[in-house]
Amino acid sequence: MNILVIGGNGFIGSHLIDHLLLKGHNVRVFDVSYERYRKPLPNVDYRISALENIPDLYEALLGIDIIFHLASASVPSTSNVDTVSDINKNLIPTLNILNLSVKLGIKRIIYFSSGGAVYGNPLTKLISENHPLNPISSYGIVKVTIEMYLSLYQRMYGLNPLILRPSNPYGPRQGHFIAQGVISTFLRKVQKNEELTVYGDGNSAKDYIYIKDMIDLSYQLSISDEVGIFNLGSGIGTSINQIIDQIKKTTKSKLNINFVEKQIYDVDHFVLDISKTTNLLGNYPITTLKEGIENTRYWLNSIV
Ligand SMILES: NC(=O)c1ccc[n+]([C@@H]2O[C@H](COP(=O)([O-])OP(=O)(O)OC[C@H]3O[C@@H](n4cnc5c(N)ncnc54)[C@H](O)[C@@H]3O)[C@@H](O)[C@H]2O)c1
């Protein structure tokens, strides 16, 4: 298959292209910059340009069977600062991708939405795909809007969109450009002997998934005939204190932790219901926190 990965030089995209190459696909990447931590790969057709450049985007879409769209110019915490820019940089370029896909007859598009921001504050212990959508950031609102446009284009033009809602992926190469998750942040701080800041008492639990597990699931779903929305997570709640304990064991370091007051937008428990995905693919093996943290640390040590 000829596959275009838009935003393929970011954290998730860099692992996705490895997997696609391994499966024997022809991989083209459209991204505004190259990967931060690796040299360009020999078998990838890189198109370095911004999505706002429509002629370049059009060229990149020629001959493509499947599009993975991972480009995002914002993260939840920054998106509210300039909501107009958030729409201009994320929503409008995505509509251009969809319109060009219709024009070129590309039917399959895999969109990376969010398994947190679209739901807002959780109303149930496990969050299924049917949980109400109450985003509390512009980032989440734009993700929901893009999801709705994907359904609209499915109805109007017969696109086959797959919407993936990832929880909190972590692993090597996280922190490519803008945001990095708590596990990578803490490991980097321990490496530099810096203090770890914990908001609240550290008991709040979230759903973390090791990047390679998430990529494997995304790939299996992408090659199925499924359309619609799938949560992508471990389905397991892991607290900040559990992460800290594991980091302590892995690094054998004495950690300097500063507990501060929790922030108003922090939620105590946020775990995805992954049964829709497991019903389709069966129970999938999940990399343990121990192994995931060890691999991430190994990689971090290799880049200093
Ligand atoms: N990492 C997470 O924790 C997480 C969780 C849930 C959902 N997601 C979503 O998954 C997707 C990928 O996330 P990531 O962590 O790999 O992000 P990332 O920031 O590491 O990668 C995004 C890539 O998109 C590129 N990009 C951004 N704007 C562009 C533009 N206008 N034109 C061309 N390229 C552009 C960037 O250069 C970057 O390489 C995003 O849509 C993100 O919202 C990520």
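Helices and strands here are DSSP runs, helices of at least four residues and strands of at least two, numbered from the N terminus. With that in mind, the loop that holds Asn193 runs between helix H6 (182–191) and strand S9 (196–199). Keep in mind, too, that you are looking at a predicted model.

**Stop 1: the loop at Asn193**

Select Asn193 to begin. What is its phi? About 60 degrees, a positive value although Asn193 is not a glycine. Most residues other than glycine have a negative phi. Asn193 counts as exposed because its relative accessibility is 72%, and the cut-off for that class is over 50%.

**Stop 2: the loop at Lys252**

Now select Lys252, in the loop between helix H8 (240–251) and strand S13 (257–260). Here too phi is positive in a residue other than glycine, near 50 degrees. Is Lys252 buried or exposed? Lys252 is exposed, with a relative accessible area of 74%.

**Stop 3: the whole chain**

Zoom out and colour by secondary structure: the chain has 10 helices and 14 strands. Turn the C-alpha trace along its principal axes and you will find that it spans about 55 × 45 × 40 Å. How does the radius of gyration of the chain sit against that of a compact globule? A compact globule of 304 residues would have a value near 19 Å, and the chain has 19 Å, so the two agree.

Switch on a surface next. The accessible surface of the chain comes to about 14300 Å², and carbon and sulfur atoms account for 52% of it. Of the 304 residues, 50% count as buried. If you draw contacts between residues with a separation of 6 or more, 77% of them join residues 24 or more positions apart.

**Stop 4: the ligand**

Select the ligand and show the residues around it. There are 24 of them, and Phe11, Ile12, Asp31, Tyr139 and Lys143 come nearest. By class, this shell has 12 nonpolar, 9 polar and 3 charged residues.

Which atoms should you pick out around the ligand's oxygen atoms? Three distances deserve a label:

- Ile12: a backbone N or O atom lies 2.8 Å from an oxygen atom of the ligand.
- Tyr139: an N or O atom in the side chain is 2.6 Å from an oxygen atom of the ligand.
- Lys143: a polar side-chain atom is 2.9 Å from an oxygen atom of the ligand.

Taken alone, the ligand exposes 830 Å², and the protein buries 87% of that. To see which elements give two or more residues to the shell, colour helix H1 (11–22) and helix H5 (138–157).

**Stop 5: Arg28 in strand S2**

Move on to Arg28, which lies in strand S2 (residues 26–31). Arg28 counts as buried because its relative accessibility is 16%, where the class requires a value under 20%. What does its side chain meet? The side chain of Arg28 makes a polar contact with the side chain of Asp45, at 2.8 Å. Show the surroundings as sticks and, leaving aside neighbours within four places in sequence, you will find Arg28 in contact with residues including Ile3, Leu4, Val5, Arg47, Glu59 and Leu62.

**Stop 6: Ser77 and Gly63**

Finish with Ser77 in helix H3 (residues 76–79). At 62% relative accessibility, Ser77 counts as exposed. Now add Gly63 to the selection and draw a line between the C-alpha atoms. How far apart are Ser77 and Gly63 in space? The line is 37 Å long, for residues that are 14 apart in sequence.

Terms used
Residues are numbered from 1 along each chain as its sequence is written. This is a predicted model: local features need pLDDT of at least 70, side-chain atom pairs count only at pLDDT 80 or more; totals for chains, interfaces and linings use all residues. Side-chain values use heavy atoms; hydrogens and water are left out. A residue is near a molecule or strand if one of its heavy atoms lies within 4 Å of it. A polar contact is a pair of N or O atoms within 3.5 Å; within protein, one must be able to donate a hydrogen and the other to accept it, and residues adjacent in sequence count only if both atoms are side-chain atoms. Accessible areas come from the Shrake-Rupley method with a 1.4 Å probe; for residues, only the protein chains shown count as cover. Ala, Val, Leu, Ile, Met, Phe, Trp, Tyr, Cys and Pro count as nonpolar, Asp, Glu, Lys and Arg as charged, and the others, Gly among them, as polar. The radius of gyration is taken over C-alpha atoms; the globule rule is 2.2 Å times the number of residues to the power 0.38. Buried means under 20% relative accessible area, exposed over 50%, partly exposed in between (1.4 Å probe, protein chains only). Contact means heavy atoms within 4.5 Å.
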